[in-house]
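Open the model in your viewer and keep the selection box at hand. Each stop below says what to select next and what is there.

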Amino acid sequence: MVKRQLPKPAELLELMQFKKPELNGRKRRLDAALTIGDLRAIAKRRTPKAAFDYTDGAAEGELSLTRARQAFEDIEFHPDVLRPAENVDMSTTILGGPSALPFGIAPTGFTRLMQTEGESAGASAAGAAGIPFTLSTLGTTSIEDVKAANPDGRNWFQLYVMRDREISYGLARRAAAAGFDTLQFTVDTPVAGARLRDKRNGFAIPPQLTVGTIVNAIPRPWWWIDFLTTPKLEFASLSTTGGTVGELLNSAMDPTISFDDLAIIRDIWPGKIVVKGVQNVEDSVRLIDAGVDGIILSNHGGRQLDRAPIPFHLLPSVVREVGRDATVMIDTGIMNGADIVASIALGAKFTLIGRAYLYGLMAGGREGVDRAIAILRSEIERTMKLLGVSSLEELEPKHVTQLTRLVPVGQSTRAGAAV
């Protein structure tokens, strides 16, 4: 029988340690975020619907994005037991330079719309973390200001080929002059995808006020105060700023982009050049044969062609074909450090995060980006330790099994016939 007694006051004091309250509201909400999903929930509360949906949404039925995220969830890890991994080295060398972590920040357009610190917050946080930052052609901070925000870190530039080619050539030259070391030549946006959330929200650049946007803004005054009391929101590299996102893209982009354009940019750009938006093995081979330094498997975060290939599923076959000759990277759908570990294990040399960093930005500006990077860093470290690996080089395909939900009809028919 359990012997009972009255609790002693001294023992009660030991058991009841009150946590000191955090008076800084931003720090309090960011400290409470344990996952990128938590940052997303905070961002949704703090950001007007049109701006949040522009970030969070994808094209048409958003199947490409949903499938990309599902692909990362549908994996099985295979740890090596009795393999001590007390100290984990997460650093790598990518495109001729160092990165403290196996991921960098992907290019995102209209970033100051999401939170007024925009690209400057992303670039400075990336510099502090020792990872690359990529500025978009459709960025809202200039090439030179990003360099100022990340003076000693690695800056990359993402380039669209415009109808007016001289605009693109001039941007490439400016980025090179500012010391950007890598150019991401984007090939998956000959025209704009149908981003239906934006259409339904009446989303435009600059934001257009309606009764709905005003009502939505009432519980989010901080966003509007920032928007109205900071420099005008506009593209830093383009002169045209009015209209919906689709209208802006269609007026600027050129559907006739070809390998000839890649050759011209290759001649202009003095640093490393990678092609972003590759979605099949054949194009991967052709691009490497054309002399690029690397490719990024990407379906543009699901924001262009809906039902596009899933980059993570494509990764092993592309690595088998060109992995010895070029740097293969991947983006789209990464929401956890385990997604990054799985990508490296299956042969990716590097990964890029877009929405994951933007959720942090919307949740808390520069500090929110720091928090997003810290969350991913801790998830990568923990996953590697649990797998029994001490460095990225030790990650191998044997550590990951891709569990496939979507099997092409031809393959399932052949499999059935073989049974």
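Start by selecting Leu 15, which is found in helix α1 (residues 9-15). Helices here are DSSP runs of H or I with at least four residues, strands are runs of E with at least two, and both are numbered from the N terminus. The model is predicted, so local features need pLDDT of at least 70 and side-chain atom pairs count only at pLDDT 80 or more, while totals for chains, interfaces and linings use all residues. Residues are numbered from 1 along each chain as its sequence is written, and side-chain values use heavy atoms, with hydrogens and water left out.

Leu 15 is exposed, at a relative accessible area of 72%. The cut-offs are these: buried is under 20% relative accessible area, exposed is over 50%, and partly exposed is in between, with a 1.4 Å probe and protein chains only. Now add Leu 12, Met 16 and Phe 18 to the selection: with Leu 15 they make a nonpolar surface patch of about 500 Å². Patch residues have over 30% relative accessible area and no salt bridge; nonpolar side chains (Val, Leu, Ile, Met, Phe, Trp, Tyr) are joined within 5 Å, and like charges within 9 Å. The areas come from the Shrake-Rupley method with a 1.4 Å probe, and for residues only the protein chains shown count as cover.

Next, select strand β6 (residues 155-159), where 5 of the 5 residues are buried. Which residues sit on each side of β6? Asn 155, Phe 157 and Leu 159 are on one side, and Trp 156 and Gln 158 are on the other. In a regular strand, side chains alternate between the two faces of the sheet.

Show the neighbours of β6. Strand β5 (residues 133-135) runs parallel to β6 and is joined to it by 3 bridges; strands count as paired if DSSP finds at least two bridges between them. Thr 134 has Trp 156 as its bridge partner in β6. Strand β7 (residues 182-186) also pairs with β6 in the parallel sense, over 4 bridges, and here Phe 157 stands opposite Leu 183.

Now trace the connections. β5, helix α8 (residues 143-149) and β6 make a right-handed β-α-β unit, as do β6, helix α9 (residues 165-177) and β7. Right-handed means that, with the strands pointing away from the viewer, the path from the first strand over the helix to the second runs clockwise.

Stay with α9 and select Arg 165 together with Asp 254, whose side chains meet in a salt bridge (2.6 Å, N to O). A salt bridge is a side-chain nitrogen of Lys or Arg within 4 Å of a carboxyl oxygen of Asp or Glu. Arg 165 is in helix α9 and Asp 254 is in the loop between α13 (245-252) and α14 (259-268), 89 residues apart. Both residues are buried.

Move to Glu 367 and Arg 26, another salt bridge, with the closest N and O atoms 2.8 Å apart. Glu 367 lies in helix α18 (residues 355-387) and Arg 26 in helix α2 (residues 25-31), so the pair ties together parts that are 341 residues apart in sequence.

For the last stop, follow α18 to Lys 385 and Glu 381, which form a salt bridge at 3.5 Å between the closest N and O atoms. They are 4 residues apart, about one turn of the helix.
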